[in-house]
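Open the model in your viewer and keep the selection tool ready. We will move from stop to stop.

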Amino acid sequence: MIRLLAMRELRSLFSQPSTWFILALLQFVFAWFFLGRTETFLEIQPQLTQLANPPGVTAVVAVPLFNTLALLLMMLTPLFTMRLIAEERRNQTFALLLSAPISSAHIVLGKCLGLLIFLLLMMATVPLMLWSLAIGTHLDQGLIFSNLLGLALLTTSYIAIGAYFSALTAQPIIAAISALITLVGLWLADMLATSATSPWHMLSPLYHFQNFNSGLLDNRDAAFFVLLSATLLILTVRKVQQRVD
Amino acid sequence: MSREGALSADARTLFDTSLHIRLYFTLFFIIHSGALILANSEVTLSARNLTRRFGNQEVIHDLSLELRRGEVLGLLGHNGAGKSTTLKMLTGCLPPSGGGITVCGVDLLKNSCQAKQHIGYLPETPPLYRELSVHDFLTFAAKLRGMAAKEVPAAVTETQQRCGLESVSRKLIATLSKGYQQRVGIAQAIIHRPAVIVLDEPTVGLDPAQIRDIRALIRELGNSSSVILSTHLLSEVENVCDRVEIMQRGKLIYSDSSAGMKHYKDVSGFTLTLRNPPPLAELASIAGVQHVEAISATQFRILHTAETNPSSALLTLATQNNWQLEQLTPLHTSLEEVFMKITDAESALTGVAR
């Protein structure tokens, strides 16, 4: 049932022209940024060789690229999550799901999974670009893997946050803006807390992504993402169960 | 004396035995015919004492209804009477604030997934994913309702046929006309052959030919399943429903068979147009006429008892006396008026303006 709903979500996404438009623009941005970083690397390569322990191509190209991707994701995810439940409510298609023999948890998980697959597909070109460098040089696969894992966890938590706001309202635009403000707010809370030990850092998904970004796999970061996603998904399911049309 | 007494005692035992046998057979028949009746009209949907509050406002008050297999029930009411809210609760789309709902013997509120398998629901606005084609959408709907994957294609084909959708099967729902979209809405509600079909104003926005088709389809569905439909069109109730429940301000105020309601509306009488009318007293003296009233110089309203119809006597007299009969129309209070009468009476009773 979850798979059926996820596939439906994907089909609907891909049948909208706006999705393809956003996809095309994003691929352009990714490629541009990737080329820019590669060029920078080629320029500074002679200076790097003089260092005792120089950063490799993965650290110079991949790490900033994934970092930018994480920031972009913060702005982009609300645009996609806003539709999840709010639009179904607005178009009155939610009754189809509510009167079907499936639980609210299935509805929420199916929809979120569909969107997660979509966003991962959207970002899939980035590691492909990076692996294309493997033709000419040696890549730090571990670093790329930790970034990919971190990005997947980050995306999941963003979707969970977006889905919750989408379940609160029947107006997709309100869902998008509230989710965006929440994500930016969490990021700002992290950025504006000057003290390194400030508890505000702990609240920000992007702060927890930093360790993955630099190739450090920490249980605490992974646990943070899992807990955040699970909590918000449960809240969303509860909201759907109440079914305030 | 003693011999006679012995005989009579024998006779009494004989009589007792035969009584026992007869009693046994009678009971046997009662029990079995009872079982037969129950099997014929199994209760598919029952709602007990449903209430629903939105904030402090109670919109549905203590509503109970029962639906049997093979029955089409019309839920009739003004806009805002609470029909859609009731149907939302019956399909599990809106949890009631109080009361219980059972679908095919399964509690909808406790075992919602199991109970919802027996429900097909068409809301006020058909729930359609406009970006899918009719075929894909129906396939999705069938799987969503838990049909086995190998049964789905056959069910989709059959349902498309029933709802007249074969010609638009590959078209996107967004490109279909309102009538076709409504049919897709009905198709998704019946594709999994549910025992209870709930249709919220199924013929709204359709043209007369489509309305006729849909009504025929609903009648057909009513043979194998139970159908409950809400409407504010009285003709729909007359044509389609076996039973009608009238709803006003969140309460069921009147319940009868559709035929019973028709009976309600029959008023015995007719209007008569005579170009050369006799005096009023002469019309009143015809046997069976209870009351004559002149509408204009040539038009009269005649009321008679239900048992005796004076129209044939009147026709004979009209030709004999050259009254020049032009028109004779039986009086029909429309179902509309009956409905208004019932709802108005209820308003007067509760002392609230409608």
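Where in chain B is the place of B:Arg249? Select B:Arg249 and look to both sides of it along the chain. This residue lies in the loop between strand E9 (243–248) and strand E10 (251–257) of chain B. Keep in mind that the model is predicted. The phi angle of B:Arg249 is near 45 degrees, which is a positive value in a residue other than glycine. B:Arg249 is partly exposed, and its relative accessible area is 34%.

**Stop two: a positive phi in a strand**

Now select B:Asn49. It sits in strand E1 (residues 43–54) of chain B. Its phi is near 45 degrees, again a positive value in a residue other than glycine. How buried or exposed is B:Asn49? It is partly exposed, with a relative accessible area of 42%.

**Stop three: the whole of chain B**

Zoom out and colour chain B by secondary structure. You should find twelve helices and 14 strands. Chain B has 354 residues, and 45% of them count as buried. Switch on the surface. Chain B exposes about 17,800 Å², with carbon and sulfur atoms supplying 55% of that area. Next, think about contacts in chain B between residues with a separation of 6 or more. Of these contacts, 68% join residues 24 or more positions apart.

**Stop four: an enclosed helix**

Select residues 178–190 of chain B, which form helix H6. How many of the 13 residues of H6(B) are buried? Eleven are, so the helix is largely enclosed by the rest of the structure. Among the buried residues are B:Gly179, B:Arg183, B:Val184, B:Ile186 and B:Ile190.

What covers them? Show the neighbours. The cover includes helix H5 (94–98) of chain A. From chain B it includes strand E6 (119–122), helix H4 (134–144), helix H5 (152–162), strand E7 (196–200) and helix H7 (208–224).

Now check the length of H6(B). At 1.5 Å a residue, its 13 residues should span 18 Å. The end C-alpha atoms are 19 Å apart, which agrees.

**Stop five: a residue on a covering helix**

Stay with helix H7 of chain B and select B:Glu220, which is in it. B:Glu220 is partly exposed, with a relative accessible area of 41%. Add B:Leu67 to the selection. The two residues are 153 residues apart along the chain, and 17 Å separates their C-alpha atoms.

**Stop six: a helix pair in chain A**

Move to chain A. Select helix H7 (residues 125–132) and helix H8 (residues 141–168). They pack at an angle of about 175 degrees, with their axes 12 Å apart. Angles over 145 degrees count as roughly antiparallel. H7(A) and H8(A) are therefore roughly antiparallel to each other.

Which residues meet here? From H7(A), pick A:Pro127, A:Leu130 and A:Trp131. From H8(A), pick A:Gln141, A:Ile144 and A:Leu148. The residues of this contact divide into five nonpolar, one polar and no charged.

**Last stop: helix H9 of chain A**

Select residues 172–192 of chain A, which form helix H9. At 1.5 Å a residue, these 21 residues should span 30 Å. The end C-alpha atoms are 30 Å apart, which agrees.

Its buried residues include A:Pro172, A:Ala179, A:Leu183, A:Leu186 and A:Asp190. What do the buried residues of H9(A) pack against? Show helix H3 (57–81), helix H4 (86–90), H8, helix H10 (200–203) and helix H11 (205–213) of chain A.

Methods: Residues numbered from 1 in each chain as written. Chains lettered and ligands numbered in written order. Predicted model: local features only at pLDDT ≥ 70, side-chain atom pairs only at ≥ 80, totals over all residues. Heavy atoms only, no water. Helix = DSSP H or I, 4+ residues; strand = E, 2+ residues; numbered from the N terminus. Buried < 20%, exposed > 50% of the residue type's maximum accessible area, 1.4 Å probe, protein only. Contact = heavy atoms within 4.5 Å. Areas by Shrake-Rupley, 256 points an atom, 1.4 Å probe, with all protein chains shown as cover. Axes fitted to C-alpha atoms, helices over the stretch in contact; angles between N-to-C directions. Parallel < 35°, antiparallel > 145°, perpendicular 65-115°, else oblique. Nonpolar A, V, L, I, M, F, W, Y, C, P; charged D, E, K, R; others polar. Expected span 1.5 Å × (residues − 1).
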